[in-house]
Amino acid sequence: MPTTVPALLTDSSGGSFHRGTVERRDVGAHDVAIDVKFAGICHSDIHQAREEWGSAIFPMVPGHEIAGVVTAVGDEVTEHAVGDRVGIGCFVDSCRECEYCLAGEEQFCLKGNVATYNGRQYSGEPTYGGYSTAIVADERYVLRIPEGIGLDVAAPLLCAGITTYSPLRHWNAGPGSKVAVVGLGGLGHMAVQLAHAMGAEVTVISRSRSKEQDGAKLGADHWVATEEEGALKALRNTFDLIINTVSADVDVDGLAGTLRVGGSLVYVGAPADRQSFAVFSLIGGRRSIAGSNIGGIRETQEMLDFCGEHGIGSVVEVIGADEVDAAYDRVVEGKVHYRVVIDTATIPA
Ligand code: NAP
Ligand code: ZN
Ligand code: ZN
């Protein structure tokens, strides 16, 4: 018999959240049942709950930054045991046989992976995410959270952490490289910490100077405020890599102009609108504009272990279930420092 568990649901595009329940499947032979302790609020939750990326499945229980404790395991489970501290990120299944799944890059699964929420299992059942007290998933898609990282500050690593770690690794951030992070929000504050820990020289490109001191504490070496006249022009030929985390449109040509020859401007921020650029912003410096999508399971575990070794966690504001609507508005207004995390113990009525 499936289990009914408390959850926070929204019933329509842009609607408010209310308490309710969702069903979790029986624990199958390869499944892990998890008592969810904390769920981060990613800006992608807002894009989807407000249908900014297109039509969505309602009712919706968002949440793909999930941290909790294992409460039961199926007979065939080998990787996790009852009592383990674990996490779930943006997907809970993938085809397991396409070239990308075989390479451990399930985020690019050719069949389409099964999103943790606002998705469908391959059987057709809708998926419900982490704004709930429990979840069941195949052990392959469950990550180990290292000792020493609190579950509250670990939850955002499952999306914001891996989404920034993966491009930093792919584009070889490290000693001797100059990395810019555009936008100091949920993704941005992870990108700064991770790039700094990898040994890169890190610059934050923010709209204003209001968060400059926080940036320095997180490991930023320099701060640039785009509201200051000529701020980007002064940075000509500076960066090897720019990680753009902004959820809205940016000055693509201005950013590209700060790249060194061969440098890359990588989008992880996912604004709904088409972006445009002048070709001459790229060809004069053999520059690239690229995109990057979360990360695979193997790399997500690598990121968590890296965070454990380097003492890295998210900077969080923990809230109760009644504060989610207000938190969504605060994220959009850029007022969150730097990730809101829901204490799921407050969800049961
Ligand atoms: P967030 O916490 O809201 O941070 C976004 C940051 O962008 C803000 O802190 C702000 O930084 C800047 N910003 C916001 N609105 C802006 C505006 N109108 N103009 C200029 N700058 C603005 O969001 P997040 O959770 O980090 O997510 C960021 C984006 O990444 C979202 O679009 C999300 O959907 C996307 N995302 C993508 C992936 C992926 O796999 N590619 C994964 C997760 C999230 P400053 O105040 O410093 O300017
Ligand atoms: Zn996310
Ligand atoms: Zn696949």
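This is a short tour of a predicted model, going from its domains to a metal site and then to a patch on the surface.

Begin by colouring the two domains that the domain assignment gives, selecting residues 3-158 together with 314-346 for domain 1, and residues 161-291 for domain 2. With both coloured, place a centroid on the C-alpha atoms of each, and the two centres will be found 28 Å apart. Where the domains touch, the contact takes 13 residues from domain 1 and 15 residues from domain 2.

Next, select the zinc ion (ligand 2) and show the side chains that coordinate it, which are Cys42 through SG, His64 through NE2 and Cys159 through SG, at 2.0 to 2.3 Å. Along the sequence, these donor residues follow the spacing C-x21-H-x94-C. Two of them, His64 and Cys159, link distant parts of the chain, being 95 residues apart: His64 sits in the loop between helix H1 (43-49) and strand S4 (66-73), whereas Cys159 sits in the loop between helix H3 (151-154) and helix H4 (160-170). His64 counts as buried because its relative accessible area is 7%, and Cys159 is likewise assigned to the buried class because its relative accessibility is 4%.

Finally, turn to the surface and select Phe277, Val279, Phe280 and Ile283, which make a nonpolar patch of about 460 Å². Within this selection, centre the view on Val279, which lies in the loop between strand S14 (259-267) and helix H8 (280-283). How exposed is Val279 in terms of relative accessibility? Its value is 49%, and Val279 therefore counts as partly exposed, since the exposed class requires over 50%.

Methods:
Residues numbered from 1 in each chain as written. Chains lettered and ligands numbered in written order. Predicted model: local features only at pLDDT ≥ 70, side-chain atom pairs only at ≥ 80, totals over all residues. Heavy atoms only, no water. Patch = residues over 30% accessible without salt bridge, like charges linked within 9 Å, V, L, I, M, F, W, Y side chains within 5 Å. Areas by Shrake-Rupley, 256 points an atom, 1.4 Å probe, with all protein chains shown as cover. Salt bridge = Lys/Arg side-chain N within 4 Å of Asp/Glu carboxyl O. Helix = DSSP H or I, 4+ residues; strand = E, 2+ residues; numbered from the N terminus. Buried < 20%, exposed > 50% of the residue type's maximum accessible area, 1.4 Å probe, protein only. Donors = N, O, S within 2.8 Å, 3.2 Å for Na, K, Ca; no water. Domains from an automatic or database assignment. Contact = heavy atoms within 4.5 Å.
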